[in-house]
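User: I would like to learn how to read a binding site from coordinates alone. Could you take me through one, step by step?

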Amino acid sequence: MIEPARIYRQGVDIIPPHPGSGWTRFVCISDTHSRTFHVPTGDVLLHAGDLSSWGSLSQLIITVEWLKSLNHPVKIMVAGNHDLCLDEKWAQPIYGLPPEEVQQARTYVRSQTAAGLHYIEHEPFRFVLPSGRRWKVYGSPAAPLYAQGSFQYETANEARVIYNRIPEDTDILITHTPPFRTLDRTSKGKHAGCHVLSNKLAELRNCRLHVFGHIHECAGAQINTGDPFRLVDRVSVNAAMAVTKKAIVVDLLN
Ligand SMILES: Nc1nc2c(ncn2[C@@H]2O[C@H](COP(=O)(O)O)[C@@H](O)[C@H]2O)c(=O)[nH]1
Ligand SMILES: [Mn+2]
Ligand SMILES: [Mn+2]
């Protein structure tokens, strides 16, 4: 029997050649914080936020220019709580950024599609690969409030409004925060993921891959199997690179 998902950790596992047109290779990264890395090739690159070190446009540009230089045919990024220059609500009060710089940053990230790089913020993105496989992605930069930062929510109600926007037929979910109790344990032993998001995931019965980051010290991947109410198994990836410096590669059977 062919297993529908295969997971490889850069630098730990030997990553085999692309398994062929019946598969899609996703390269998952997150929390690069204005640092650049060597990452494996693949069909689709997914970045789950904390693009910049401390939220200025110049720091964001370092990441975006690096992502543009990578040769994955489709590249998708969301922001995170560090990416203040993209957040109209908090860039000014927290960081003192003028509204013009926020607009400049938002226009800049949205204008990279010619390089195959797509910025998504609480919205779906659909694409078709040369193999003919269509994928339905949804991306959100949100995370529970922790210190000051961008795109954070304070209450479960706010979280519900954010995550209820995810379409039921989503195949690939990218969020900055982990869900509660999935690869979300901090070095102090706290599960810092979002309860509302973990409840929402139970409803996303087609979701094959969930990529997130944020909790740097819990990077890794796992397959959630065995739930009789799910239509497909889901691969969960905490792709944070801040500690490991390594990407996680997931091959999904088309
Ligand atoms: N106990 C919690 N720790 C958290 C939370 N969010 C982040 N963190 C810790 O900070 C680092 C770095 O996160 P970053 O967003 O600043 O890059 C992370 O690895 C955790 O150790 C939280 O909600 N609760
Ligand atoms: Mn981070
Ligand atoms: Mn973060």
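**Reading the ligand site**

Analyst: A shell can be read first by the character of its residues, and in this predicted model the residues around ligand 1 divide into three nonpolar, six polar and three charged. Among those surrounding ligand 1 are His33, Asp50, Asn81, His82, Tyr146, Lys190, His214, His216 and Glu217.

User: Which side chains have a polar atom at 2.9 Å, 2.7 Å or 2.5 Å from an oxygen atom of ligand 1?

Analyst: Here one looks for pairs of N or O atoms within 3.5 Å. Asparagine 81 places a polar side-chain atom 2.9 Å from a ligand 1 oxygen, while a side-chain N or O atom of histidine 82 is 2.7 Å from an oxygen of ligand 1, and for glutamate 217 the corresponding distance to a ligand 1 oxygen is 2.5 Å. Of the 500 Å² of accessible area that ligand 1 has on its own, the protein covers 80%.

User: Where does ligand 1 sit?

Analyst: Ligand 1 occupies the largest pocket.

User: Which residues coordinate the manganese ion (ligand 3)?

Analyst: For a metal one lists the donor atoms, then their spacing along the chain. The manganese ion (ligand 3) is held by Asp50 (OD), Asn81 (OD1), His176 (NE2) and His214 (ND1), at 2.1 to 2.3 Å, and these donors follow the spacing D-x30-N-x94-H-x37-H. Distant parts of the chain are linked by the pair of aspartate 50, in the loop between strand E3 (44–47) and helix H1 (57–69), and histidine 214, in the loop between strand E11 (209–212) and strand E12 (220–224), which are 164 residues apart.

User: What are the protein donors of the manganese ion (ligand 2), and which residue coordinates both ions?

Analyst: Asp31 (OD), His33 (NE2), Asp50 (OD) and His216 (NE2) lie 2.1 to 2.2 Å from the manganese ion (ligand 2), with the sequence spacing D-x1-H-x16-D-x165-H. Aspartate 50 coordinates both manganese ions, ligand 2 and ligand 3, which are 3.6 Å apart.

Notes: Residues numbered from 1 in each chain as written. Chains lettered and ligands numbered in written order. Predicted model: local features only at pLDDT ≥ 70, side-chain atom pairs only at ≥ 80, totals over all residues. Heavy atoms only, no water. Near = heavy atom within 4 Å. Polar contact = N/O pair within 3.5 Å; in protein donor to acceptor, adjacent residues only side chain to side chain. Areas by Shrake-Rupley, 256 points an atom, 1.4 Å probe, with all protein chains shown as cover. 1 Å grid on protein atoms, 1.4 Å probe; cavity = no way out; pocket = protein on both sides within 12 Å on 5 of 7 lines; lining within 4 Å. Sits in = over half its atoms within 2 Å of the grid points. Nonpolar A, V, L, I, M, F, W, Y, C, P; charged D, E, K, R; others polar. Donors = N, O, S within 2.8 Å, 3.2 Å for Na, K, Ca; no water. Helix = DSSP H or I, 4+ residues; strand = E, 2+ residues; numbered from the N terminus.
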